[in-house]
Amino acid sequence: MSDRKSSPGKRGDKSRVSRDARAVSPGRRQRATEVLIPAEDPAQTYEVALKAFVLAGGAGTRLSPLTSYVPKGMIPIAGKPFIDYVISYLASHGIRNIIMLLSDEDSEVYRNHLDDGSKYGVNVGYSISPRTGTANALKEASGHIDSTFLVYYGDVLTTLDLTDMIRFLREKKATCTVARSTGVRIDYGVGRVDKDGRIEYFEEKPVIKEYPVSIGVCLCEPAVLKYCSSGSDIAANIIPTLVAKGERVYGYLTPEPHHDIGSFKQLDEVKKILKTHGKNQTKNTLKQD
């Protein structure tokens, strides 16, 4: 990155971040989170300072015209913006350093809401770049990357065991580990036909465990950055390239499904899930009282 100017990003700060000052460091400096990962020898541990990079700068065109007024991650669900659920999820796994990867168009809204992250008990920073692909957004934030890091798509809701996924990456000595769910039901009926066109197998909206679905979460080593370029996408371009180049790319399998808010149908599903979850939490609290 060309010019690493820092600014606190305090709420109410209306100044724009210039294209030459892409990275906005967090306002409050905290010690990097320590995640203890069991090694092969149980008597040993790995200490990992893990940063999470949350991709939230997309235009959200499938949610237009709603996203003409509010960024996708700031859409309110069950009383708070969706991004709050993402931050809370990361914090629940001990991640305290979070960099938001944003575009010029939506950065001010996120910064005004998230501030420096202290209200969530985390440290939030910002990297702002044009909308030229998720890989380029990550490349623009490379000045923040010096060890293993997490890439998290900011429109995803999951209960993936992230702590265990970190352990898996260390165990495999992987360059990149991609979270893949064996519990996602696809939206279409599938079948298999013989050479004469006769259907041998048919199932409506199945869960296909043999082809686990990527859920928008991956752990990477800094070596991944050399494959990132403008106009490329992490999932569509970078991960296939890593595999083609013979890098150590692994899939962390989880039975947990995931939900994203990329379309109105998916947004409605997530709203139902979070509202139900909120009601259940309230009921449990009342029972305890």
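# Notebook: a predicted protein chain

**Entry 1. Confidence.** I began with the confidence scores: among the elements of the protein chain, strand 2 (residues 34-38) has the lowest mean pLDDT, 33, and strand 7 (residues 97-102) has the highest, 97. I note at once that this is a predicted model. The average pLDDT of the protein chain is 81, and 79% of the residues score at least 70. I then looked up the two ends. Over residues 1-48 pLDDT stays under 50, and the model has 111 contacts beyond four places in sequence for them. Over residues 282-289 pLDDT also stays under 50, but here the model has zero contacts beyond four places in sequence. Where pLDDT is low, predicted coordinates should not be read in detail.

**Entry 2. The chain as a whole.** I recorded six helices and 16 strands for the protein chain. Of its 289 residues, 45% are buried. The accessible surface is about 15,000 Å², and carbon and sulfur atoms hold 50% of that surface. I also looked up contacts with a separation of 6 or more: 74% of them join residues 24 or more positions apart.

**Entry 3. The nonpolar core.** Which residues touch the most other members of the largest nonpolar core? They are Leu90, Met100 and Leu138, in a core of 71 residues. Helix 1 (residues 82-92) gives the most to this core, namely eight residues. I followed Leu90 further. Leaving aside residues up to four places away in sequence, Leu90 touches Ala52, Val54, Ile95, Ile98, Leu150, Tyr152 and Leu162.

**Entry 4. Helix 4 and what follows.** I listed the buried residues of helix 4 (residues 162-172): Leu162, Met165, Ile166, Phe168 and Leu169. Why do they lie on the same side of helix 4? They do so because they cover an arc of only 160° around the axis. Leu162 had already appeared in my list of the residues that Leu90 touches.

Just after helix 4, Lys173 takes a positive phi of about 50°. Ala174 sits in the loop between helix 4 and strand 11 (176-181). Is Ala174 buried or exposed? I find a relative accessible area of 4%, so Ala174 is buried. Residues up to four places away in sequence apart, Ala174 touches Leu169, Glu221, Arg248 and Tyr250. Leu169 is one of the buried residues of helix 4. I also noted the pair Ala174 and Glu247: they are 73 residues apart along the chain, and their C-alpha atoms are separated by 8.1 Å.

**Entry 5. Cysteines.** How many disulfides does the structure hold? I found zero. Cys218 is in no disulfide, and the nearest cysteine sulfur, in Cys220, is 4.0 Å away. A disulfide would need the two sulfur atoms within 2.5 Å. For Cys228, the closest cysteine sulfur is again that of Cys220, at 7.9 Å, which is too far for a bond. I checked the accessibility of both residues. Cys218 has 4% relative accessibility and therefore counts as buried; Cys228 has 6% and therefore counts as buried too.

**Entry 6. Backbone details.** Most residues other than glycine have a negative phi, and most peptide bonds are trans. I therefore looked for exceptions to this general rule.

The peptide bond from Ser64 to Pro65 is cis, with omega near 10°. Pro65 belongs to the loop between strand 4 (51-55) and strand 5 (76-77).

Ala78 is not a glycine, yet has a positive phi of about 50°. Ala78 lies in the loop between strand 5 and strand 6 (80-81). The relative accessible area of Ala78 is 40%, so I class it as partly exposed.

Asp115 is not a glycine either, and its phi is positive, at about 55°. I located Asp115 in the loop between helix 2 (107-114) and strand 8 (123-128). With a relative accessible area of 12%, Asp115 is buried.

**Entry 7. A glycine in strand 8.** My last check concerned Gly125, which is found in strand 8. What is the relative accessible area of Gly125? The value is 0%, so Gly125 is buried. Gly125 and Leu101 are 24 residues apart in sequence, and I recorded 8.9 Å between their C-alpha atoms.

Notes. Residues numbered from 1 in each chain as written. Predicted model: local features only at pLDDT ≥ 70, side-chain atom pairs only at ≥ 80, totals over all residues. Heavy atoms only, no water. Helix = DSSP H or I, 4+ residues; strand = E, 2+ residues; numbered from the N terminus. Buried < 20%, exposed > 50% of the residue type's maximum accessible area, 1.4 Å probe, protein only. Contact = heavy atoms within 4.5 Å. Areas by Shrake-Rupley, 256 points an atom, 1.4 Å probe, with all protein chains shown as cover. Arc of directions from axis to C-beta. pLDDT = per-residue confidence, 0-100. Core = buried A, V, L, I, M, F, W, Y, C linked by side-chain atoms within 4.5 Å.
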